[in-house]
Every structure is written in structure tokens, then in C-alpha cells.
Amino acid sequence: MTVKPKYVIGCDEAGTGAIFGGFAVGVCVLPIDACFDVQDSKRYTSEKTRYDAMLRVTEHSLFHDVEMCTVEEIEVEGLGEVVRKMMFRLCKRAYQEFPKSLVVFDGTNTPHGFPYPCVTI
């Protein structure tokens with residue numbers, strides 16, 4: 001029997017397309033009944049729609065967390081490994097606070113061997 005999740009943990013990165021500098025990975029937990037059509041911010045066509053989505057997420061968020069990395073970390077470990085470690089740490093913290101969650105990754109960013117129920121969108 002499959003257990004229906006009570007929460008959705010959204011996980012995404014920002015800044016990996018930059019030429020210089022580090023980047024960030026973040027998570028946000030929403031109750032499953034408060035989920036709505038949240039999309040990648042690049043799909044929003046105006047600042048207003050992006051801002052409205054941010055307000056909806058902020059209003060319903062039960063938990064959020066962000067990690068930043070440095071250029072030095074990327075140079076030592078490589079971008080893929082740094083992203084994987086950050087996603088593991090952030091999702092682990094969120095999942096410990098909110099078990100019975102489904103983790104949703106943007107794109108194809110699911111870390112190999114990820115231990116929690118997850119999907120990519």
C-alpha cells in the first residue's frame with residue numbers, strides 16, 4: 001500500500017549558470033493540501049507573476065532553508081558533488097522535521113541514491 005504524502009518538500013538550485021561566483025540550494029515545505037501550480041521561476045513571464053507565486057509560497061511555507069557554496073568548494077569537489085551534498089543535507093533536515101513528505105526536484109537534479117521518496121518535474 002502506498003502512503004499518501006502529507007507534505008511536499010521542494011528543492012532547487014540557483015546560480016549554477018553564472019560565470020563567476022558560488023550558488024545556492026534551497027528547500028521549502030508546503031502541506032500537500034496547500035500545493036498549487038508552482039513552476040520554475042524562468043517560466044513566469046513577468047515580475048508580477050513571479051512575485052505573486054513567491055507570496056503564495058511564503059504564505060503556506062511550514063519550513064524553508066538555504067545553503068550557499070563558494071567558488072573554492074566547487075573548484076575542490078566539482079559542481080555536481082557540491083550540489084549533491086547540499087541537496088542531501090537540506091532535504092534531510094526538512095524530511096526529519098516533516099516525515100511522510102514527497103521531495104520534488106526541479107529538472108533532473110535528483111541526487112543519485114537519494115534516500116527519500118522523490119520525483120522530478
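1. Helices here are DSSP runs of H or I with at least four residues, strands are DSSP runs of E with at least two, and both are numbered from the N terminus. With that in hand, E67 is easy to place: strand β3, residues 63-68. Before going on, a word on the source: this is a predicted model, where local features need pLDDT of at least 70 and side-chain atom pairs count only at pLDDT 80 or more, while totals for chains, interfaces and linings use all residues. Residues are numbered from 1 along each chain as its sequence is written, and side-chain values use heavy atoms, with hydrogens and water left out.

2. Now the overview. The protein has 3 helices and 5 strands, and from the N terminus on they come in the order β-β-α-β-α-α-β-β. Of its 121 residues, 29% count as buried (buried means under 20% relative accessible area, exposed over 50%, partly exposed in between, with a 1.4 Å probe and protein chains only). Take contacts (heavy atoms within 4.5 Å) between residues at least 6 apart in sequence: 58% of them join residues at least 24 apart.

3. Back to E67. Is E67 buried or exposed? Its relative accessible area is 12%, so E67 counts as buried. The side chains of E67 and R89 share a polar contact of 2.7 Å. For that term, the rule is a pair of N or O atoms within 3.5 Å; within protein, one must be able to donate a hydrogen and the other to accept it, and residues adjacent in sequence count only if both atoms are side-chain atoms. Leaving aside residues up to four places away in sequence, E67 touches F23, A24, V25, M86, R89, L90 and R93.

4. Next, the sheet. Its 5 strands line up as β3-β2-β1-β4-β5, forming an open sheet with mixed pairing (two strands pair if DSSP finds at least two bridges between them). Why do β3 and β5 each have one side without a neighbour in the sheet? They stand at the edges, and each has a single partner strand, so one side of each is left free of a neighbour in the sheet. On average, neighbouring strands of this sheet are turned by 20 degrees against each other, direction ignored (axes are lines fitted to C-alpha atoms, for helices over the stretch in contact, and angles run from 0 to 180 degrees between N-to-C directions).

5. Have a look at the pairings one by one. β2 (residues 24-31) and β3 run antiparallel, joined by 6 bridges; there, G26 has V66 as its bridge partner, and A24 stands opposite M68. Helix α3 (residues 79-97) packs on the sheet, touching β1, β2, β3 and β4, and its direction makes about 160 degrees with that of β3. β1 and β2 are antiparallel too, with 8 bridges, including D12 with G26 and G10 opposite C28. In contrast, β1 and β4 run parallel, with 5 bridges, and I9 stands opposite V103 in β4.

6. Strand β2 deserves its own point. 8 of its 8 residues are buried, so β2 is largely enclosed by the rest of the structure. Both faces are covered: A24, G26, C28 and L30 are buried on one side, and V25, V27, V29 and P31 on the other.

7. On to the rings. A pair of aromatic rings is described by the distance of the centres and the angle of the planes. Rings of Phe, Tyr and Trp (its six-membered ring) pair if their centres lie within 6.5 Å; planes under 30 degrees apart count as stacked, over 60 as edge-to-face and the rest as tilted. By this rule there are 6 aromatic pairs. Y7 and F98 have ring centres 5.0 Å apart and planes at 70 degrees, so they are edge-to-face. Y7 lies in β1 and F98 in the loop between α3 and β4, so the pair ties together parts that are 91 residues apart in sequence. Y7 is partly exposed at 22%, whereas F98 is buried at 13%. Ring pairs also link F88, Y95, F105, F114 and Y116 into a cluster.

8. Finally, the cysteines. The structure holds 0 disulfides (pairs of cysteine sulfur atoms within 2.5 Å). C11 is in none, and its nearest cysteine sulfur, that of C91, is 3.8 Å away. C11 is buried at 3% relative accessibility, and C69 is buried at 6%. C118, in strand β5, is partly exposed at 27%.
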